[in-house]
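Here is a friendly walk through a protein model, with a look at its loops, its charged pairs, its rings and its core. Keep the structure open beside you as you read.

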Amino acid sequence: MEFKHIKPVELAFTKSLKKMKFSGRALIRRAIAAASSHHYGIFADPFSFFFSNFHSVGHKDRSFSPKPRIDLSCINQLDDAVFLFRQMVRMQPQPSVVEFTKLLQVIFRMKQYSGALKLFDEMRQWGAPIDEYTMTILINCCCLLKRVDVGFAILGCFFKLGHKPDVTTFNTLLKGFFLVGNVAEAEKLFKKILTLKFCEPNDVTILTAIDGLCKAGRVLAAHDLLLLLEKTIYKPNVKAYNAVINGLCKTGMVDNALELKSRMFDKGISPDVVTYSSMIQGLCDFGRWKEVKHLLNEMVNHKIPLDVVTFSILVDAFCKEGNIKEAEDILEIMKQQNISPDIVTYTALIDGYCLHRKMDKAKEVFDSMASKGLKPCIVTYNSLINGYCKNGKVDEAWRLFLEASSKGLKHTTVTYNSMIHGLLSEGRNADGWKLFNDMEARQVHPNLCTHNILLDGLCKTRQIAEAFSFLKTMEDKGLNPDIITYGILINGLCKDGKLEDAKNLLNELPSKGLKPDNHIYAIIIGSLCEEGFVDEAKDLLIKMEGSGCAPNSVTYNNIIQGLLKKKEVYKAMPFLEEMHKKGFLADASTSSMLINHLQGSKKNDVLLEMMKKVVPKI
């Protein structure tokens with residue numbers, strides 16, 4: 001029998017390999033061919049691998065020394081590595097497997113993954129020594145090339161040669177499955193590692209599985225796995241708990257994260273600064289400041305010093321809340337504690353200044369980064385470009401847009417979105433569309449936000465037919481229009497006097513799997529009131545509330561204005577009362593209409609008292 005003399009663990013592993021239903025050699029050849037889309041300077045035949053005949057183009061201008069010195073520091077490119085390898089295989093005695101493995105590691109660090117695989121082909125032909133470390137490097141190359149199947153093929157070939165994979169090899173394969181998004185196979189492999197004892201899993205194995213699940217959006221599965229492992233001999237460490245806590249916080253499950261932190265204490269595992277930073281970020285996202293303060297005090301009590309990441313989270317949170325002074329105070333505390341703000345800290349501060357239209361301060365911080373040894377990244381540029389665009393300083397934004405690329409930074413989708421939006425907002429539609437075409441030409445992929453910005457530009461210039469044509473283009477590209485997309489179209493139809501079409505589109509939304517929000521209802525209710533259809537607007541308000549969508553301040557102001565235009569103050573009173581109960585105030589137009597009505601009519605104490613409640617400064 002084929003597996004007669006194989007140990008039980010090896011038998012289980014070999015059977016697992018055989019279930020993969022591929023030919024190792026053929027699969028590897030195909031993968032190498034696919035990975036070699038660019039010219040490989042040394043090898044003439046990109047399909048060769050393992051036991052195939054191999055032909056190469058030699059370096060005719062280089063002569064071989066009988067015993068050249070092995071100097072890895074001379075390798076600057078792939079050709080250098082191949083040339084050194086060919087010197088090594090001709091040395092007598094031949095260098096050890098350690099030297100050949102070091103050479104492969106150099107190529108791996110150069111991110112020449114397919115080059116490393118091809119060099120291994122030559123190693124096989126020249127009879128260069130190989131071992132388990134060689135195998136792990138090659139499998140890692142396959143995984144980073146997103147060819148985990150080829151990694152398993154290599155594993156099978158090494159296994160047949162008598163090389164037993166260790167835990168590092170399996171960790172690499174496990175990470176590879178997550179990298180290509182094959183979570184199901186990753187889970188299967190992890191289960192087999194535990195049950196079939198392919199190897200003794202270590203902390204890296206556990207962290208790879210748990211972190212992989214979290215990053216794949218399977219946070220609850222990672223949480224359950226963590227609790228399951230607590231009951232085994234493979235106890236998760238603080239890094240595994242941190243991965244789950246971070247995943248829970250990023251998906252809004254902050255309370256679950258806090259519970260897990262308490263569980264860590266119960267299990268005798270001390271949370272570290274990474275644990276607390278994740279939870280502080282999660283709490284800040286929900287504005288739960290009292291609990292943030294509690295965690296900061298807890299860190300002090302447990303003598304866990306805040307690091308630059310924690311401080312940056314606080315700076316960002318304060319800026320987003322509009323508390324620039326508090327953010328500046330945090331920077332002062334950092335300086336007092338000799339913690340240097342990093343690029344993330346300064347970018348958050350720039351964002352805050354931009355949000356509050358303090359563009360001079362934002363630019364001052366941006367310019368000061370160089371003196372602190374920091375180079376602004378594209379995210380920093382994006383923040384400032386967006387700030388200038390939203391503050392009507394499009395020319396300044398454009399100057400930064402060009403400056404970023406001149407400094408070797410690649411524009412992202414966010415960069416283009418901000419710039420296109422700025423140009424369209426200033427009425428420079430041709431420039432906006434030209435930049436969109438440039439974006440596609442440079443293979444910076446436009447997202448749904450990009451298309452919504454352009455759609456909004458068409459609607460604001462009353463190009464409704466073109467807007468619906470562009471909607472079709474979006475759908476043909478595989479983009480799924482969202483509620484923002486349809487809100488733009490409905491607003492465009494209303495502004496263009498096509499109220500019936502807007503109402504029809506509103507009624508179609510549920511069939512598209514979308515639920516109208518209060519913004520869309522407010523648009524149509526406002527248009528109905530402007531056209532004098534106040535009763536229909538009131539009916540739509542009732543429908544809106546019945547669907548579980550709470551009216552906002554705009555909705556109430558629109559209806560009240562519609563009633564006041566018809567001089568039906570008595571009908572507006574219940575809406576004014578409702579608006580007051582919900583904590584909304586009359587806007588400038590509503591306030592002006594109420595004041596005008598009060599001045600042009602008989603004394604109305606009831607209206608005056610109501611106005612005191614809803615009109616600012618009355």
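Let us begin at K410, which sits in the loop between α21 (394-406) and α22 (413-425). With a relative accessibility of 72%, K410 counts as exposed, because exposed means over 50%. Its C-alpha lies 7.1 Å from that of I378, although K410 and I378 are 32 residues apart in sequence. Please keep in mind that this is a predicted model.

**Salt bridges**

How many salt bridges does the count come to? The count comes to 31 salt bridges. Three of these pairs are set out below.

| Pair | Closest N to O distance |
|---|---|
| R86 and E122 | 2.5 Å |
| E187 and R218 | 3.2 Å |
| D395 and R428 | 3.1 Å |

Take the salt bridge between R86 and E122. This pair links distant parts of the chain, with R86 in helix α3 (residues 78-89) and E122 in helix α5, 36 residues apart. Are R86 and E122 buried or exposed? Both R86 and E122 are buried.

Next comes the salt bridge in which the side chains of E187 and R218 meet. Here too distant parts of the chain are linked: E187 belongs to helix α9, while R218 is in the loop between α10 (203-215) and α11 (219-230), 31 residues apart. E187 has a relative accessible area of 32% and is partly exposed, and R218 is partly exposed as well, with a value of 34%.

The salt bridge of D395 with R428 brings us back to helix α21, where D395 is located. R428 is in the loop between α22 and α23, and the two residues are 33 apart in sequence. D395 is exposed, with a relative accessible area of 56%, whereas R428 counts as partly exposed at 30%. Elsewhere, salt bridges that share partners join E230, R263 and K267 into one network.

**Aromatic rings**

Now for the rings. The count comes to 13 aromatic pairs. In one of them, F120 and F158 have ring centres 5.7 Å apart and planes at 20 degrees, so the pair is stacked. F120 lies in helix α5 (residues 113-126) and F158 in helix α7 (residues 148-160), so this pair ties together parts that are 38 residues apart in sequence. F120 and F158 are both buried.

W433 and F470 make a pair with ring centres 5.3 Å apart and planes at 80 degrees, so this one is edge-to-face. It links distant parts of the chain, since W433 is in helix α23 (residues 429-441) and F470 in helix α25 (residues 464-476), 37 residues apart. The two partners have these accessibilities: W433 is partly exposed at 25%, while F470 is buried at 8%. Ring pairs also link W398, F401 and Y416 into a cluster.

**Nonpolar core and surface**

In soluble globular proteins, nonpolar side chains tend to be buried together. Which residues touch the most other members of the largest nonpolar core? Among its 183 residues, they are I210 and I490. Setting aside neighbours within four places in sequence, I210 is in contact with A222, L225, L226, L229, A240, A243 and V244.

Some nonpolar residues are found at the surface: L144, L179 and V180 make a nonpolar patch of about 210 Å². V180 is located in the loop between α8 (167-179) and α9 (183-195), and with a relative accessible area of 34% it is partly exposed.

Terms used:
Residues numbered from 1 in each chain as written. Predicted model: local features only at pLDDT ≥ 70, side-chain atom pairs only at ≥ 80, totals over all residues. Heavy atoms only, no water. Core = buried A, V, L, I, M, F, W, Y, C linked by side-chain atoms within 4.5 Å. Buried < 20%, exposed > 50% of the residue type's maximum accessible area, 1.4 Å probe, protein only. Contact = heavy atoms within 4.5 Å. Patch = residues over 30% accessible without salt bridge, like charges linked within 9 Å, V, L, I, M, F, W, Y side chains within 5 Å. Areas by Shrake-Rupley, 256 points an atom, 1.4 Å probe, with all protein chains shown as cover. Salt bridge = Lys/Arg side-chain N within 4 Å of Asp/Glu carboxyl O. Helix = DSSP H or I, 4+ residues; strand = E, 2+ residues; numbered from the N terminus. Phe/Tyr/Trp six-rings, centres within 6.5 Å; stacked < 30°, edge-to-face > 60°.
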